[in-house]
Amino acid sequence: EKKLLDKIEKKVPDNFKGRRNKSKAVHLEKELQGPDPIRQSTITKRMDKEIELLANVQGRGQGSPTDPTGDVNEQYYVQAANATEVGVYNLDGSLEQAFSMNTIWNGAGLNVTSEGDPIILYDETANRWFLTEFTDPSNVLIAVSETDDPLGSYFAYSFSTPNFPDYPKYALTPDHFIFTSNEEGRTDLHQYFLDKAALIAGMEEVAFQ
């Protein structure tokens, strides 16, 4: 077991060097079970096809890191980068329009300024765009398009969190808009659940747990 553990220990990435917990394999008992029986190990002829590149465009943002994010529907690809430019592209790669996410927050009178870590999501079930980012000192900003047009109007929200909501990640279910944030280190993950129907309807009060 000791030899196997030595073999599966991971090299510590540069940005983790000096931290108290080295990057090691976890759940050793799962590693000892052997190869994953459902892991795909071969490629069939039907899968062995080259991917045709239809569009390759210069993304938004300048400098590094830009934290690029994007999503697509049947008409547009929407991309965002710190802090915080949004580009709406046609599917042939041509830029339809670019704008700052601040135009949404300022237009809604939220009196906040873009800080970054944007995430773009398109909800196929509701045909709505979700544009998000955080701002100091401890707010998560969420904009929901009123239609399936990313260049149209948005409902805008600002939700306060106990601490600075770093590294937010989002998910959509039929009933909820869910996000997690790294507010107190990697050992304590905060989770939040919002009423998706209320967000889409632009209600002034949205259940926030």
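The following paragraphs lead the reader through a predicted model of this protein, beginning with its confidence and then turning to one residue and one sheet.

Across the protein, the pLDDT averages 83, and 81% of the residues reach a score of at least 70. Residues 1–10 have a pLDDT that stays under 50. For this stretch the model has 11 contacts beyond four places in sequence.

Attention may now turn to N139. This residue belongs to strand 7, which covers residues 139–145. N139 counts as buried because its relative accessibility is 13%, and the cut-off for a buried residue is under 20%. Two serines engage its side chain: the side chain of S158 makes a polar contact of 3.2 Å with that of N139, and the side chain of S160 makes a polar contact of 3.3 Å with that of N139. When neighbours within four places in sequence are set aside, the residues in contact with N139 include E133, F134, F159, T161 and P165.

A further part of the model is an open sheet. Three strands form this sheet in the order 9-10-11, with antiparallel pairing. Its edge strands are strand 9 (166–172) and strand 11 (189–195), each of which pairs on one side only. On average, neighbouring strands of the sheet are turned by 20 degrees against each other, direction ignored. In general, the strands of a sheet pair through backbone hydrogen bonds, in either a parallel or an antiparallel manner. Here, strand 10 (residues 176–182) and strand 11 run antiparallel and are joined by seven bridges. At the level of single residues, F177 has L194 in strand 11 as its bridge partner.

Definitions and conventions: Residues numbered from 1 in each chain as written. Predicted model: local features only at pLDDT ≥ 70, side-chain atom pairs only at ≥ 80, totals over all residues. Heavy atoms only, no water. pLDDT = per-residue confidence, 0-100. Contact = heavy atoms within 4.5 Å. Helix = DSSP H or I, 4+ residues; strand = E, 2+ residues; numbered from the N terminus. Buried < 20%, exposed > 50% of the residue type's maximum accessible area, 1.4 Å probe, protein only. Polar contact = N/O pair within 3.5 Å; in protein donor to acceptor, adjacent residues only side chain to side chain. Pairing = 2+ DSSP bridges. Axes fitted to C-alpha atoms, helices over the stretch in contact; angles between N-to-C directions.
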